[in-house]
Amino acid sequence: MTRSTGGVTAPPRAPGTPAGAADAGHDAEHDAVVRVAAALAGVPPADVELLRGEQPCPRRGVGPAACRPLPVTGARGSLLGALCLHAPDAPRAPGDLRDLARVLVPLLERSPAGGTPGEDPGDGLDEQERRTLAELVSAEVEHRRELTGAVLASVDVGILVADPEGRWQMGNDTALEWLGQPLRDDLDPADHPAQYGFYRPDGCTLLREGELPLQRALRGEDVVGAEVLLVPFGRPSMTVLCTARAMRSATGEPLGAVLAMHDVTAARAREAALAAAHEQLAEHAGQVEALARASRAVATADDPREAVCEAVRELAAADTVHLLQPEGAHELVATASAGARRRPGTRVDLRTPASVTAEAFRRGEQLFVADLLAHPGADRALARAVGAVSALWQPVLLGEDVPVGVLSVVWERGVPEPAPALSSLLRTFAGEAAHAVQRAELLERLARAAERDALTGLANRRRWDETAPREIARAQRTGAPLAFALVDLDRFKRYNDTFGHLEGDALLREFAAAAGACLREGDTLARWGGEEFALALPGCTAEEAVRVADRIRSVVPRGQSATVGVAAWTPGASAAEVLARADEALYRGKGGGRDATVLADPTGSAVRA
């Protein structure tokens, strides 16, 4: 414990002090007792009376000061005298005064009760006894001081004391350890924050002089729980809560201020850790909810692939998301996308070694590029075209290692790196997406199987029954021409009997491919049954339909031939009626020698083309 010291000078006693009172001018030993008592009580010596025996205090009831006697009793309980304090705010019985009262017992036992020390030289203490008394008083005071210092040194609270000008005068061991340097009582209070490292709780701004708790207390503020960050030189920073009080003497004179600092660094760290844990928990809960919402959207969507892209775009707060899937052995093609800038049909060659998209698909690992224009494996022209800055590629894996696609996540703003939570979330959702994509492909295959002929891959009879009325309705609505045709491979049964059914199936497949190559995108070629095929030619007149039929007849493979019956739709006719006329034309072509195109007359007769 370090402290500053100061002397107390007792004023001379006023003339006319009553008999029995301590007289500083006439009796040195009583003067010493009065001075010690005044110092311990914190009052001027003039406010202390030393009485013997049962002598009444001559100042009791006089003036505003209360008389507070402290009895001095002998070993057998006899009253030897009293110490009277006359300060209004004097303590009733401070511990130091009680100790002094015990020390005064030998002094008062040697003097007659009610006598006045100094009247009879034989009744006073000799020099040795006075020295002994002084030593006892000094020892008791020092003991009290050491006890106080030991207590202050042992507590884990930092104590600082300032004088009325705010200069630091005293600090306990804890405070000195926290500050990391001794106190300087010559230091201007304005320099305390910089010298000792007192900062605001943000840790960035030094306290101003007027913000120091001790200075606030000296201004009369009641400072309780003020948070300060202590950043001593060469030591870890500490968060302390400060309580400061001003100190005044019994007469109201300012003595300074005392500051108590409580270390709450560990508590603040626990609070911060708890807050971080709560924040992480809330973030995790939000991610789980987002993942569940995305999964529900994918599970209920008509097109799961589009829903996957939209869900990833929302999860990543991205601008564009593409789903690329394998097409053939060496190519990825964009099958779905979400975002303002869509590029359907984008293709990536898996054999391109520098392609980030291809690398993510081949390795089955998530890849991220913060600056696409600076990365050698990125498509810089595409990045410029769509305004892409950063991108992430997330493989869509079925199980652990079977890639069924890759998600391309694009930001039009710079992203230094994806948050760990987002990376984990995308990996988890990619597993959901893999099953959704697989399910979508299965449904597409089932839908194709329901509408396609299993042998040739052409539309089947069910698909034709849906297409023909729709084409007639459109022709009736728009007034555009429409023609139907029936195509029959000549002598197919004989071919089957000669070469076998497997070769017959091969002939059907080859004819379907060759005939399909002769058609436009909007035309429909369906397998009507066996070796017979139906053809819808929207926008074609009868003459144009005949030319298409002739082209088809010219590409029949394996040296075989075909006969075609063509019928133009007339307003008000149904699909069945038009096909019936085409069938009649086909029958006439078969009867006329086969390998021919026959156009049905609108009235019902057939004309050989």
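A salt bridge here is a side-chain nitrogen of Lys or Arg within 4 Å of a carboxyl oxygen of Asp or Glu. The model is predicted, so local features need pLDDT of at least 70 and side-chain atom pairs count only at pLDDT 80 or more, while totals for chains, interfaces and linings use all residues. Residues are numbered from 1 along each chain as its sequence is written, and side-chain values use heavy atoms, leaving out hydrogens and water.

**View 1. D488 meets K590 in a salt bridge.** Their closest N and O atoms are 2.4 Å apart. D488 sits in strand β16 (residues 482-489) and K590 in helix α17 (residues 575-591), so the pair links parts of the chain 102 residues apart (helices, H or I, have at least four residues and strands, E, at least two, as DSSP runs numbered from the N terminus). Both D488 and K590 are buried (under 20% relative accessible area; exposed is over 50%, partly exposed in between, with a 1.4 Å probe and protein chains only).

**View 2. R527 of strand β17 joins D453 of the α12-α13 loop.** This salt bridge spans 3.3 Å, N to O. The two residues are 74 apart in the chain, and both R527 and D453 are buried.

**View 3. R461 and D465 pair within helix α13.** Here the closest N and O atoms lie 3.9 Å apart, with the partners four residues apart, about one turn of the helix. R461 counts as partly exposed because its relative accessibility is 38%; for D465, partly exposed rests on 47%.

**View 4. R200, R208 and E211 form a network of salt bridges.** By the same rule, the count comes to 28 salt bridges.
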